[in-house]
Amino acid sequence: MKFKEIKNNIFYCGLNDRERKIFDELIPLEQGTSYNSYLVKGSEKVALIDTMYPPKMAEYLNNLDENNITKIDYIIANHGEQDHTGALPELIKKYPQAVIVTNQFCKNNIMEMLLIPESKIMVIKNNEGLSLGDKTLRFMLAPGVHWPDTMFTYIVEDNLLCTCDFLGAHYTFEDIYADDSKDLEHAAKRYYAEIMMPFRKMCNKYVQQIKELSPEMILPSHGPIYKNPQFILDLYADWSNDDAKNLVVLPYVSMYGSVEEMINYLSAKLEAAGIKTIKHDIVSDDLGDLAMAMVDAKTLVIGASMVLCSPHPAAANAAYLVNLLNPKVKYAGIIGSYGWGGDLVGKLSDIISNLKVEMFEPVLIKGKAKPETFQKLDELAEAIIKKHL
Ligand code: FEO
């Protein structure tokens, strides 16, 4: 495959991975992903920015050969995770003169994770530059989006910013440039929810920094290149700010229909009052959709059946994920149905203890909902409406 030139001897040399079905063995990929790598040919030195996921390594190395890349002086590791650094061990064999350039944190990671010898690594500091002759790479440490070792690489003279995982999307493409479509927005939001949302405050900070830098293009490590950086920066500014939307998310698991009946009742009450709701069947729906819904939600209400005196494991799993993702949600509630008893509310509340939420009065019922149950659900709906409107 011939590398596509982005600008002035700067080339895209990444690959699509349409076969990959799940990322981090956690959340399904809707259309695979891409692993982006960029080749920068300066008048004196050649640099490769980020590399490749190990299962795609043979194709990646073959492409370097097909494009007659016989010399690489620097390999920039913006982040130590192996979807970007996995090819480093092979690359330093193939290009023995190449020096890996990275920050101290990432150096430690690639030495531990990939057994890269220390002698092959050059450590840079924040804002330090590296000359390639007529081009300069400047490194901006960006810890927290999403690992402590993350940094951005700014190609100064060309005003291009490589943001590593930040601002990316699990999205595959033929054209390497973003089409600013709703499909891309969906993929970028899903990616943000799963990977960046736990670091929401940092995301917001770096968005402001990048806006001030005003790069001509943003070159992420997954998904297409943004020729219009405003597209993704505005989306991130919205997702990462503190303002939750008028949305209640209702993940639920219902063994005999009682919890589902209560969720449907509550949802209808809220919708009638002008509040958008998203019901999420934890067992059959895609966990990534729940993560996405939580980007904007003001209120979370978990509905759960009980198994062996405890929350249904599927409910515990969803609550655990939401807790890890640490969304901007402000209020939470728990509703449930049990057979013979147990501690649903205590155990679920413990699982979501990271969330900075005000809890509503729970609604619990033995077996099927009764008239007094619906009265309690009315009270819960009223309490939510009061907070939302
Ligand atoms: Fe795409 Fe954090 O690796």
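Start with the whole chain in view: the centres of domain 1 and domain 2, taken over C-alpha atoms, are 38 Å apart. What you are looking at is a predicted model. To colour the two parts, select 4–240 for domain 1 and 248–384 for domain 2, as the domain assignment gives them.

**Stop one: where the domains meet**

Now show the residues in contact across the boundary: domain 1 contributes 16 and domain 2 contributes 15. The size of an interface is often given as the accessible area lost when the parts come together. Here, domain 1 and domain 2 bury about 1,300 Å² between them, and carbon and sulfur atoms give 65% of that area. On the domain 1 side, pick Lys189, Arg190 and Met197, which lose the most area to domain 2 and together make up 38% of what that side buries.

Next, switch on polar interactions between the domains. You should find 5 residue pairs in polar contact, counting pairs with both residues at pLDDT 80 or more. The salt bridges between domain 1 and domain 2 number 3.

Which elements of domain 1 should you show as cartoon here? Display β5 (27–28), α5 (182–196) and α7 (229–240), each of which supplies at least two residues of the side touching domain 2. Helix α5 brings the largest share, with 6 residues. Colour that side of domain 1 by class and you get 8 nonpolar, 2 polar and 6 charged residues.

**Stop two: arginine 190**

Zoom in on arginine 190, one of the residues just picked for the area they lose to domain 2. Side chains of opposite charge can pair when their charged atoms come close. Select aspartate 286 as well: its side chain meets that of arginine 190 in a salt bridge, 3.1 Å from N to O.

Then add glutamate 30, which also forms a salt bridge with arginine 190, the closest N and O atoms being 3.6 Å apart. This second pair links distant parts of the chain, since arginine 190 is in helix α5 and glutamate 30 is in the loop between β5 and β6 (33–35), 160 residues apart. If you widen the selection to the entire structure, there are 22 salt bridges to browse.

**Stop three: an aromatic pair**

How many aromatic pairs does the structure hold? There are 13. One to centre on is tyrosine 192 with tryptophan 239, a tilted pair at 5.4 Å centre to centre with 40 degrees between the planes. Tyrosine 192 belongs to helix α5 and tryptophan 239 to helix α7, so this pair also links distant parts of the chain, 47 residues apart.

**Stop four: two backbone details**

Switch to sticks and go to valine 145 and histidine 146, which are joined by a cis peptide bond with omega about 10 degrees. Histidine 146 is placed in the loop between β13 (136–141) and β14 (151–155).

Finish at aspartate 50, in the loop between β8 (46–49) and α1 (57–66). Its phi is near 65 degrees, a positive value in a residue other than glycine.

Notes:
Residues numbered from 1 in each chain as written. Predicted model: local features only at pLDDT ≥ 70, side-chain atom pairs only at ≥ 80, totals over all residues. Heavy atoms only, no water. Domains from an automatic or database assignment. Contact = heavy atoms within 4.5 Å. Buried area = accessible area lost by both parts, 1.4 Å probe. Salt bridge = Lys/Arg side-chain N within 4 Å of Asp/Glu carboxyl O. Polar contact = N/O pair within 3.5 Å; in protein donor to acceptor, adjacent residues only side chain to side chain. Helix = DSSP H or I, 4+ residues; strand = E, 2+ residues; numbered from the N terminus. Nonpolar A, V, L, I, M, F, W, Y, C, P; charged D, E, K, R; others polar. Phe/Tyr/Trp six-rings, centres within 6.5 Å; stacked < 30°, edge-to-face > 60°.
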